[in-house]
Amino acid sequence: MNKSNTTYIIMKHLLFTVSLVCAIAFTGHAQQAPPTGQVYSFTLADCINYAYEHQDTVLNAGLDTKSASYHVKEIIGQGLPQINGSANFQDYIQIPTTLIPGEFVGQPGTFIPLKFGVKYQSNIGINASQILFDGNYFVGLQGRKTYQQLFNLSYSRSKIDANVNVTKSYFQVLVSNEQIKLLDANINQIKQTLDQTAAQNKQGFVEKIDVDRLTVQYNNLVTTRENTIRLLALNYQLLKFQMGMPIENNVVLKDKLEDIKLDMNAADMTADTSFYHNRVEYNLMETQKKLDEYDVKSKRALFLPKLTFNSSFANSYQDNAFSRLYSNSYPNSYIGLNLSVPIFSGFQHKYQLKQSQITVMKAENDLFNLKNGLSLQASQAKITYVNGLQSLNNQKQNQALAQEVLRVAKIKYQQGVGSSIEVTQAETDLQNADNNYIQGLYQALVSKIDLDKAYGRIK
């Protein structure tokens, strides 16, 4: 064997060994890869609390509240002493020239050019001002708590909306799981019937068309179940979206449908005629109206004088040589009062006040209309909830009746006194009853949430 063949064989073995090691390393890495998302086991309350801490709308409303608190401090700061320092330096390349009458130097009728000043000048000083009386500022101080309250209420409204959206999504997942359970039960039931009918067909006791009818129903149920599973996955993603949770994470629901209370007592709120005070929307508009009233006071304050205190202290430095500029200082200082009295502004302040007063009147009309709207919404929510409960109870009864009809139809068919069409129709009726029950259940749950929101029970 020559040298070139030996080298080729050695290189071939080396490449094979490297490839094998890389494959083993890659396989080991793939087997030890961490899961793509975290798993959370949450009750409904856990999901709502998670949304309060992660949902972007709630977070932004919280930031707005914090920003409002800073704005309030900004308003307060306007009435505190305002202190500013200043410093400047000038190098007069050409000292300014001033013309003085020649009479001062015995040359009447002429002007004598003279240069006053020095080449280098500098000033360092500090000045301060303090509001002593400003009606507009005092009105701002009065309204600062109302301004902060407006953003606090907006934050509460965002939490209520998050609560409602998360709860509805949570219930949608629970209902979808219940629907899958019913589909599994129906699939198992029809599968048993299909197997029995197929066996009877082989023995010649029933026609093949009976097997085909049941096969069609079975295939439709399996397809419906697969579609529902895909919708369930989408409902889980919607729930995570409403919570502000990354979609790649997983949520396991701890609550059960049977734990949710649906009763008529929840709709017994007719005695509470002032429930709208519990609604955050009413409180928001009421607070906005108060701010509009403060704006009226602010416009009236524009007719009042404004008094401020001013003071200043400065050192002046001058010399023709830069090295001696700061050797000597020439201080100056003063204190004083500044009174500004509005006399005539072209009626601008008058018409500004009129506009603010109209805004308050509009707010009163909106508040009255909102009160009526909330009352109508509550009445509608109550009727919808009561109707939903009655419909759900009716669907439960229909579901039980459909199961009984199917049981009797099977017995009759097995005993030879009934037809396969009766069994197939009974199966179809049960599926429809199950679907109606699922829809009625979700509608009742949603109407319960809307009822609680309408009466201000969700905080």
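A nonpolar core here means a set of buried Ala, Val, Leu, Ile, Met, Phe, Trp, Tyr and Cys residues joined through side-chain atoms within 4.5 Å. With that in hand, the largest such core in this predicted model has 39 residues. Beyond the cores, there are 15 aromatic pairs to look at, three cavities of 30 Å³ or more, and a largest pocket of about 270 Å³. Here's the rundown, topic by topic.

**Nonpolar cores**

- In the 39-residue core, Y170 and M243 are the residues with the most contacts inside it.
- Several elements chip in at least two residues each to this core: α2 (44–54), α5, α6 (208–243), β6 (250–253), α7 (280–301) and α9 (420–454).
- The top contributor is α5, which puts 12 residues into this core.
- There's also a second, separate core, made of 13 residues, with L370, L389, A454 and Y455 among them.
- As background, nonpolar side chains tend to be buried together in soluble globular proteins.
- Who does Y170 touch, once residues up to four places away in sequence are set aside? The list runs F42, T43, L44 and C47, then L239, and finally L253, K254 and D255.

**Aromatic pairs**

- A pair of aromatic rings is described by two things, the distance of the centres and the angle of the planes.
- Out of the 15 aromatic pairs in the structure, one is F89 with Y120, whose rings sit 6.2 Å centre to centre with 20 degrees between the planes, a stacked arrangement.
- This pair ties together distant parts of the chain: F89 belongs to strand β2 (residues 82–91) and Y120 to strand β5 (residues 120–133), 31 residues apart.
- The two partners are not buried alike: F89 has 40% relative accessibility, so it counts as partly exposed, while Y120 has 15% and therefore counts as buried.
- Y137 and F138 make a tilted pair, because their planes are at 55 degrees, with the ring centres 5.8 Å apart.
- Buried or partly exposed: where does each of these two land? Y137 is buried, with a relative accessible area of 11%, whereas F138 is partly exposed, with 32%.
- F275, Y276, Y282 and Y455 come together as one aromatic cluster.
- One member of that cluster, Y455, is also listed in the second nonpolar core.

**Cavities**

- For context, rolling a probe the size of a water molecule over the atoms shows where empty space is left.
- Searching the whole structure turns up three cavities of 30 Å³ or more, and the largest of them has a volume of about 70 Å³.
- T193, Q196, T197, Q200, K410, Y413, Q414 and V423 line the largest cavity.
- Two elements give two or more residues to that lining, α5 (144–202) and α8 (348–414), and α5 gives the most, with four residues.
- By class, the lining of the largest cavity splits into two nonpolar, five polar and one charged.
- The second largest cavity comes in at about 50 Å³.
- Around the second largest cavity you'll find I160, N278, R279, V280, E281, K453, G456 and I458.
- Its lining works out as three nonpolar, two polar and three charged residues.

**The largest pocket**

- At about 270 Å³, the largest pocket is lined by H71, I75, N136, V139, G140, G143, R144, Y147, L291, Y294, D295 and S298.
- Which elements give two or more residues to the lining of the largest pocket? They are α3 (56–77), α4 (135–142), α5 and α7.
- The largest share of this lining comes from α7, which supplies four residues.
- The class breakdown for the pocket lining is five nonpolar, five polar and two charged residues.

**K297 and its surroundings**

- K297 is a residue of helix α7, the element that also gives the pocket lining its largest share.
- At 41% relative accessibility, K297 counts as partly exposed.
- Setting aside its neighbours within four places in sequence, K297 is in contact with V139 and Q142; of these, V139 also turns up in the lining of the largest pocket.
- K297 and F138 are 159 residues apart along the chain, yet their C-alpha atoms are separated by 9.8 Å.
- F138, for its part, is the partner of Y137 in the tilted aromatic pair.

Note on methods. Residues numbered from 1 in each chain as written. Predicted model: local features only at pLDDT ≥ 70, side-chain atom pairs only at ≥ 80, totals over all residues. Heavy atoms only, no water. 1 Å grid on protein atoms, 1.4 Å probe; cavity = no way out; pocket = protein on both sides within 12 Å on 5 of 7 lines; lining within 4 Å. Points joined across faces, edges and corners; volume = space filled by probe spheres on them. Nonpolar A, V, L, I, M, F, W, Y, C, P; charged D, E, K, R; others polar. Buried < 20%, exposed > 50% of the residue type's maximum accessible area, 1.4 Å probe, protein only. Contact = heavy atoms within 4.5 Å. Phe/Tyr/Trp six-rings, centres within 6.5 Å; stacked < 30°, edge-to-face > 60°.
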